[in-house]
Amino acid sequence: MPASAKLESVFSALVDLFGPNAVCNDPAEVASFAVNGSLPDLTVAPNSLEQVAAVVKLTSHAGLAIVPWGTGTKQEIGGYQLAGAVVLSLRRLSRILEVDAGNQTVTCEAGVRLVDLDRELRREQLWLPLDPDDFDEATIGGTLATNASGPRRLRYRTARDYLLGMKLVTPHGEIVQVGRKAIKDVAGYDLRKLMIGAWGTLGIIGEVTLRLLPTPETAVTLVYQFANLAGASRFIACTLQSQLQPSAIELLDRKAGDSFARELGLTDWQPADESSLVLVQIEGMVEEIEYQVPELNTLAKQENAYLLETMEIPQERLWSARRRLDTLLRDGFPAAVKVKASVPLGTVVPIISEARQCAARHGVALSTLSHAGSGVIYYYLQVPGSPPSTGILDVLAEIGGRTIAAGGFTIMEYGPAAVRSSLSANVPRADFRLMRSIKTALDPAGTLNPDRLEWLGI
Amino acid sequence: MGKWSDWIKPIVGLLSNLLWCDGCPADKKETMEQSILSVIMKIVETKHVLTRRRDLLAYGYDATGESRCPDAVVFPSCTAEVAAVMAAAKKHRIPVVPRGAGTNLSGGTIPVEGGIVLELSRMNRILAIDPANQRAVVEPCVVNLDLQNALAPLGYFYAPDPASQKVSTMGGNVAENSGGPHCLKYGVTANHILGLELVLEDGEIVSIGGTVEDVPGYDLTGLVVGSEGTFGVITQVTVRIMRLPANIKTMLAVFETLEDAGKTVSEIIAAGIVPATLELMDRAVVSAVEASVHAGYPLNAEAVLLIEVDGLPPALARQCDQITAACERNGAREVRVAKTSQERDALWLGRRGAFGAIARVRPRYLVQDGTVPRTKLAEALRQVTAIANRYELMVGNVAHAGDGNLHPLFMFDHRNSEEVERVHRAGREILEACVKLGGTLTGEHGIGLEKQEAMSLLFTTEDIALMQRIKDVFDPHHLVNPGKIFPRRDWESAGEKDNSSASLR
């Protein structure tokens with residue numbers, strides 16, 4: 001059956017199942033699901049887990065591909081293109097089913113947005129400490145599927161440390177449950193871990209039960225200006241080796257610091273070329289904050305750092321500005337390149353320094369952000385247009401090579417496809433063969449997000 | 001002095017057990033083919049291969065008391081040897097069961113289909129400790145406590161601390177996704193593993209995960225942790241290490257009822273405190289423990305809570321006050337705060353010696369591992385008592401109360417087959433009760449053999465089929481620790497599909 005006829009039959013079948021309001025193939029409406037200029041063939045918004053399963057059964061049977069969609073905040077990552085796919089929107093699976101204060105858990109559908117979940121949980125003085133950049137828009141399902149994390153991962157870790165139970169729809173359209181509400185569960189294989197960070201390629205997350213923490217009594221963020229990266233590095237190392245318990249330590253280089261200061265109107269940010277900005281957040285009991293602030297200031301003073309005057313700025317505004325940096329550092333640069341690197345945490349500053357020096361040598365505008373205590377670096381190459389200069393390719397090769405030498409990994413989140421191969425030579429690895437086999441075993445027809453695999457390296 | 005028959009009977013019983021294990025009837029004649037054995041002996045040297053029955057018996061058991069005879073026990077010294085042995089075994093379709101210290105509580109190391117027990121005790125080196133990058137690399141048979149003792153002088157620790165840590169090995173901890181009393185605050189093994197080296201059924205050596213936090217692609221590390229040795233042989237582990245808390249407060253609270261202890265647990269959590277540890281022991285366990293290790297626990301209380309908080313000094317003071325107040329509000333007779341590290345060690349000695357102390361009461365115990373949502377703990381304990389009474393069995397309770405992880409210990413004499421039958425039936429009922437309360441079959445001990453038939457309480461046919469498809473990716477010929485986790489009939493039907501995986505029995 002030709003593709004268009006397949007689509008027609010799937011479309012009619014879906015309309016029969018769900019009614020015309022849940023299904024759409026009108027180009028004007030479907031345009032809201034554009035990804036890097038490409039459009040899906042049709043979109044469907046099921047109302048329940050059973051409906052999701054029915055869509056998957058029908059669509060996979062017809063040999064079409066499905067792209068699960070929360071709020072789409074990460075769909076454009078990796079230069080992804082929709083090629084004749086059915087977008088399965090989870091927006092109507094947005095119910096919070098249970099907040100269990102006694103057990104400190106929440107059960108909710110995958111389409112619930114993090115910001116809405118947060119508001120509900122705080123009513124019971126509970127909290128899910130996941131703070132990715134797209135916190136204000138992202139869904140919990142999308143956050144789990146992409147294993148998105150933010151600055152608070154330093155103290156509170158990431159999604160895999162909070163997921164207790166999950167109901168998912170397999171590529172065959174079956175509903176499977178892995179884990180429930182028990183805090184510890186080793187019965188059977190841990191498919192929950194497999195689904196986190198699988199980018200919707202192994203199953204569609206429908207409903208989750210999450211472990212929560214009690215909300216902290218209070219919080220403070222200290223914003224320091226260091227004369228250079230080396231001083232910041234020593235301060236960070238001392239803090240990590242101490243008994244102090246920061247929730248987040250963010251290291252911003254000069255250019256990223258400029259953007260941050262501009263967002264908040266920080267007039268006392270007076271950097272030199274090599275200056276760096278460090279954000280340290282502490283959360284907890286009043287006594288813990290009162291103890292740690294002077295300790296941190298002492299450590300910072302040892303490196304002649306300057307404490308910016310940000311005490312009047314609400315926590316939420318500070319961190320919201322930090323989250324906006326991802327967009328700000330790419331705005332205005334159509335061919336901007338963003339690379340994420342995961343490196344041993346002791347190598348964060350040396351690697352950033354070398355990348356900056358390389359960028360300067362090649363006249364490339366580079367900004368970096370990092371979760372310094374977690375070993376995660378984000379590089380932003382502010383490229384005005386195509387084709388990319390050889391300078392860009394050289395800087396990327398330097399970043400890629402240096403990261404691999406340190407035993408780390410890089411992945412390009414934004415950037416022209418032509419440039420991706422400069423990042424690192426693809427050495428075939430046995431574990432990727434296992435990943436491919438898992439994909440084939442679970443999804444032999446390649447129904448779920450098949451075009452995502454290449455970017456994942458699988 | 002009783003009749004000599006009073007003491008000769010147990011000795012004869014003991015000897016019978018040594019001579020005849022469950023899987024080794026006296027007339028067993030089959031042995032592994034000599035050609036295969038000589039290949040393996042060339043890989044690891046002859047002296048590192050055991051084939052005499054009395055030696056085989058010593059490596060075919062685990063802490064459940066079950067045992068089977070393997071056909072050979074092989075002691076490799078490095079990954080390359082493990083790989084070569086696996087490749088040779090695969091050629092002849094011989095099952096391989098990886099083994100660390102054999103302390104697991106679910107039958108994970110029992111070679112139900114014979115074959116080779118791959119004993120990894122020669123691979124016991126700590127390869128690297130890297131505090132600047134908060135990680136360490138170990139071979140699979142590094143004993144958990146040995147790692148802790150190597151890290152402590154540097155001011156670091158590895159958080160998962162199963163009660164078996166004096167003996168259990170890192171590879172085993174990874175295979176079972178071990179927990180321990182400190183996992184309430186710090187998480188279980190799965191939250192502390194950065195990467196693994198795994199040898200697959202055909203000898204292929206695979207590095208999964210890495211030495212950094214975010215690794216591209218699927219979370220294979222998360223999948224392999226807790227896979228109970230059924231995906232491959234773990235030959236190296238990269239772990240996350242953390243700064244050792246300098247300030248710790250340990251308390252023992254004494255209660256007149258289990259309910260009061262349970263209510264206290266709920267209140268402590270509801271106050272927004274995240275203790276490092278919140279352990280419950282009942283009267284039966286405490287009296288056995290005191291007779292054994294003299295930790296100074298009170299003998300006439302229905303329940304005790306061992307509570308520990310760590311963190312910054314000013315915070316600890318307030319948390320201690322809040323915890324003491326919660327205990328007293330719920331009728332605690334006494335709240336003892338350890339003032340020195342010796343006092344702290346004594347309190348922990350009591351907790352860690354709990355399972356071992358049971359041997360004073362009866363020769364064997366069956367310990368359950370059901371885990372329920374924390375708020376259901378008191379109800380679960382009530383049901384354990386009711387079930388034990390109904391089956392006329394002695395039971396003692398240890399629980400990771402903060403996690404809702406029960407450890408009812410049924411104490412019995414394994415030579416009394418009628419009592420054994422009642423123990424197994426009581427155990428099954430407790431599993432059903434835990435699942436009905438919204439919990440799971442096992443919080444940290446694994447499914448293994450012990451609970452494979454109970455999988456259907458939690459999983460549908462589709463759930464299990466999905467897991468089996470993943471197993472087949474790693475071990476298509478079902479040679480790595482076969483017969484575990486899934487119900488027996490699922491193994492049988494899988495075997496029909498692939499007739500080439502016959503054992504040598």
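These are my notebook entries on aromatic rings and backbone angles in a predicted model.

**Entry 1: ring pairs**

I looked up the aromatic pairs and found 12 of them over all chains. I then picked out Phe33(A) and Trp69(A), which form an edge-to-face pair. Their centres are 4.9 Å apart, and the angle between the planes is 75°. I noted where each partner sits. Phe33(A) belongs to the loop between helix H2 (27-30) and strand E2 (42-44) of chain A, while Trp69(A) belongs to strand E3 (residues 65-69) of that chain. The two are 36 residues apart, and the pair links distant parts of the chain. I also looked up burial for this pair: both Phe33(A) and Trp69(A) are buried.

**Entry 2: a pair in chain B**

Next I took Phe355(B) and Tyr365(B), an aromatic pair that is edge-to-face. I wrote down 5.7 Å centre to centre and 70° between the planes. Phe355(B) is in helix H13 (residues 354-357) of chain B and Tyr365(B) is in strand E16 (residues 364-367) of chain B, so this pair ties together parts that are 10 residues apart in sequence.

Are these two residues buried or exposed? Phe355(B) has a relative accessible area of 15%, and it counts as buried because that is under the 20% cut-off. Tyr365(B) has 22% relative accessibility, so I entered it as partly exposed.

**Entry 3: a cluster**

I followed ring pairs from residue to residue and came to a cluster. Its members are Tyr189(A), Phe231(B), Phe474(B) and Phe486(B), linked by ring pairs.

**Entry 4: charges over rings**

I looked for charged ends sitting over rings. In chain A, the charged end of Arg452(A) sits over the ring of Tyr80(A), at 4.4 Å from the ring centre. In chain B, I noted Arg243(B), whose charged end sits over the ring of Tyr156(B), 5.7 Å from the centre.

**Entry 5: positive phi**

I turned to the backbone. Most residues other than glycine have a negative phi. Which value did I find for Asn177(B)? Its phi is near 55°, which is positive although the residue is not glycine. Asn177(B) lies in the loop between helix H6 (170-176) and helix H7 (183-186) of chain B. I entered Asn177(B) as buried, because its relative accessibility is 6% and the cut-off is under 20%.

Glu228(B) also went into this entry, with a positive phi near 55°. I located Glu228(B) in the loop between helix H8 (220-224) and strand E10 (233-240) of chain B. Glu228(B) has 3% relative accessibility, so it counts as buried.

How values were computed
Residues are numbered from 1 along each chain as its sequence is written. Chains are lettered from A and ligands numbered from 1 in the order in which they are written. This is a predicted model: local features need pLDDT of at least 70, side-chain atom pairs count only at pLDDT 80 or more; totals for chains, interfaces and linings use all residues. Side-chain values use heavy atoms; hydrogens and water are left out. Rings of Phe, Tyr and Trp (its six-membered ring) pair if their centres lie within 6.5 Å; planes under 30 degrees apart count as stacked, over 60 as edge-to-face and the rest as tilted. Helices (H or I, at least four residues) and strands (E, at least two) are DSSP runs, numbered from the N terminus. Buried means under 20% relative accessible area, exposed over 50%, partly exposed in between (1.4 Å probe, protein chains only). A charge sits over a ring if NZ of Lys or CZ of Arg is within 6 Å of the ring centre and within 35 degrees of the ring normal.
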